[in-house]
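Thank you all for coming; I would like to spend a few minutes on one structure, going slowly and taking one region after another. Please have a look at the sequence and the model before I begin.

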Amino acid sequence: MHHPVLRRRSARLAALLAAFAGATTLLAPVPASAFDPAADREVMGAGKHVDTIYPEVRDGKLAIRSLTPNGVKEPENLVLHIPETDSSHVKLPAGYGFLGPEGTEAWVTTEAQDQSVVWPGWSFEGIQRGLLKGTVKISYTGFSYAGDATAPRFAVTQPGGFDHTKVSQLLVPGSVFTSVSGEVGAHTHATWTFTAKGTYDIGFTVSASLADGTPVSDDATVRFQVGDLADTPADPVKQPDPPAAASLDHLTVVPNKVDGEYFVGQTVTLTAMLPAGAALGGSYRWYATKPGRTAPVLDEKQKTATYAEKPTRALDGTTVYVEHVGADGAVLDKSKPQKISVRALPPTTTLTVTPDRQTYPAGATASFTSVQNPPTADEHYHWYLRKPGEDSYEWIEESRLADQKLLITADLDGAEITARLFNADHAILSESAPLRISVSDATGAATNVRVTSAKPTYAPGETTTFTAVGAAPDSVIDWSVRKNGENEYAALGDSHGSTLSQKVDAAWHGAEIRAVVRDGSGAQVGEAMVPVVRVENPVAPRGQDVSSGVPAGLVIGGVAVLVLLIGGGVFFARLRSKTKA
């Protein structure tokens with residue numbers, strides 16, 4: 001459908017009337033400074049799906065475009081329209097304190113499509129795979145405003161927390177949430193909330209690295225018109241972002257996920273925020289108290305204002321606090337503890353990996369293919385490899401597709417490879433059973449040790465046994481487990497004999513059991529695994545979403561049909577954040 005370009009209607013009408021009537025008196029002119037938000041722009045509204053940030057890479061350069069129903073456009077040639085409707089004009093619910101008190105007027109365009117307003121998102125589907133190294137980053141750079149409000153604000157959010165009912169901040173001016181990242185091929189929608197009618201020119205930078213490591217970036221300004229498409233007295237004016245620490249009165253830990261709730265696969269990122277006026281400089285000391293322990297332990301790896309850690313089930317319930325330390329070693333401030341909660345999403349599909357050969361000579365290139373059953377819309381993969389004797393799986397750099405190639409070397413004989421499927425929020429949806437690699441001309445010592453289990457499937461809470469068969473009588477066997485979706489093995493108690501007695505629960509579904517065999521001197525002479533432990537009908541913890549691994553979207557307002565369909569009476573509707581038109 002063609003969208004007419006709107007122009008200065010009042011000025012054009014005045015000129016037409018003057019010419020037609022031959023008037024000798026002056027008509028009231030439009031002020032010289034009048035600003036038309038839609039002049040020379042195509043209006044995107046009434047349910048139009050627009051990938052507002054749609055970067056493309058051509059000839060080694062990155063350029064920000066917008067993908068509309070009428071094709072790829074320049075962002076500066078569009079205006080995204082949010083008229084005032086029953087569903088777009090709302091009152092802020094609880095959880096939006098970063099924009100205003102509960103009940104404050106707001107205008108929204110939601111993650112679930114509302115046919116009365118524009119449906120904006122961002123997409124990295126316009127970038128050809130293989131051109132970039134790493135992820136693509138969108139950074140907010142500032143905004144200008146034209147309208148009646150003295151302190152307009154806006155924010156981009158999605159649902160957060162384990163049950164998706166909390167507000168997760170993505171892009172919020174004046175906070176630590178000023179950028180989002182994603183994989184090539186990702187497509188995301190979110191809720192855009194504005195506190196006043198008027199024109200918002202929002203600046204963004206998209207940055208990435210080419211396959212050879214060369215950084216590339218581009219800047220663009222996206223225009224939103226909230227309310228009527230009408231002239232305003234003046235052009236948009238640059239707005240100051242409120243200081244991120246303006247409301248703080250002490251050192252504060254800010255988690256990147258709402259209330260510190262993380263799914264396995266995501267990264268725990270905690271930011272130490274100093275209050276306004278605090279002395280800058282110095283260093284930071286982070287302390288963690290794990291479940292079952294009473295004393296905090298200094299984390300020697302974390303020495304900056306940002307704490308980063310991969311969440312594992314063992315981290316669930318850990319509390320973390322930070323100290324700001326001066327140059328003389330004195331503690332200048334200390335934060336309150338921040339609790340970290342970790343859960344795993346139930347698998348949304350079964351992921352199976354198949355090799356192109358059963359045995360490889362050194363120097364060959366192996367090809368591994370993964371298949372989803374049932375198929376899903378998720379296409380974000382990572383592959384992980386563990387060599388014999390190593391205690392952790394490592395990500396195969398730039399492995400991001402459903403299939404993976406691997407150069408075979410002699411030291412990979414007995415190595416294991418696995419694929420993981422992620423959602424758009426980098427939570428793990430499925431992991432394949434580890435596949436053992438066989439190298440035909442490897443010179444390493446062979447081992448006949450294998451691990452057997454008492455039965456193929458267990459009930460939650462059942463105690464079972466695993467037995468290492470084929471080890472020498474005087475061997476010492478160290479038992480460990482790697483829970484599904486995690487990289488590192490965790491030691492299992494003090495058992496060092498050939499048999500392990502272990503109670504399993506729902507969290508053990510998909511886990512890998514490992515037996516490391518050592519001789520009398522303590523040297524490792526072999527290892528064996530049960531690649532997948534199966535627990536019958538594993539029940540997700542309370543509050544965990546068992547129907548979908550994809551974070552849902554917040555829908556603010558009175559879209560009654562959506563509310564009835566999706567939850568009935570709640571303020572937010574749920575929809576996949578990675579949604580295609």
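Let me begin with H426, which has a relative accessibility of 22% and therefore counts as partly exposed, since buried would require a value under 20%. Please keep in mind, here and throughout, that what we are looking at is a predicted model.

Where in the chain does H426 sit? It is found in the loop that leads from β32, residues 416-422, to β33. These two strands form a hairpin with five residues between them, and within that hairpin H426 adopts a positive phi near 65°, even though H426 is not a glycine.

Now let us follow the hairpin back into β32, and ask how many of the residues of β32 are buried. Seven of the seven are, so this strand is largely enclosed by the rest of the structure. If we look at the directions of the side chains, E416, T418, R420 and F422 point one way, while I417, A419 and L421 point the other way, and the residues on both sides are buried.

Which strands does β32 pair with? With β29 it runs antiparallel, and seven bridges join the two; in this pairing, W383 stands opposite A419 of β32. With β33, the other strand of the hairpin, β32 pairs in the antiparallel sense over three bridges, and there L421 stands opposite S430. Finally, two bridges join β32 to β34, again in an antiparallel arrangement, with R436 in β34 as the bridge partner of E416.

Moving on along the chain, we come to S432, in the loop between β33, residues 428-431, and β34, residues 435-436. The relative accessibility of S432 is 1%, and so it counts as buried. Apart from its neighbours within four places in sequence, S432 is in contact with L351, V353, T418 and A419, and the last two of these bring us back to β32, where T418 points one way and A419 the other.

I would like to close with two other loops. One lies between β28, residues 365-373, and β29, residues 380-386, and contains P374; the peptide bond from N373 to P374 is cis, with omega near 0°. The other lies between β18, residues 252-255, and β19, residues 261-263, and contains D259. This residue, although not a glycine, has a positive phi of about 60°, and because its relative accessibility is 45%, D259 counts as partly exposed.

Key
Residues are numbered from 1 along each chain as its sequence is written. This is a predicted model: local features need pLDDT of at least 70, side-chain atom pairs count only at pLDDT 80 or more; totals for chains, interfaces and linings use all residues. Side-chain values use heavy atoms; hydrogens and water are left out. Helices (H or I, at least four residues) and strands (E, at least two) are DSSP runs, numbered from the N terminus. Buried means under 20% relative accessible area, exposed over 50%, partly exposed in between (1.4 Å probe, protein chains only). Contact means heavy atoms within 4.5 Å. Two strands pair if DSSP finds at least two bridges between them.
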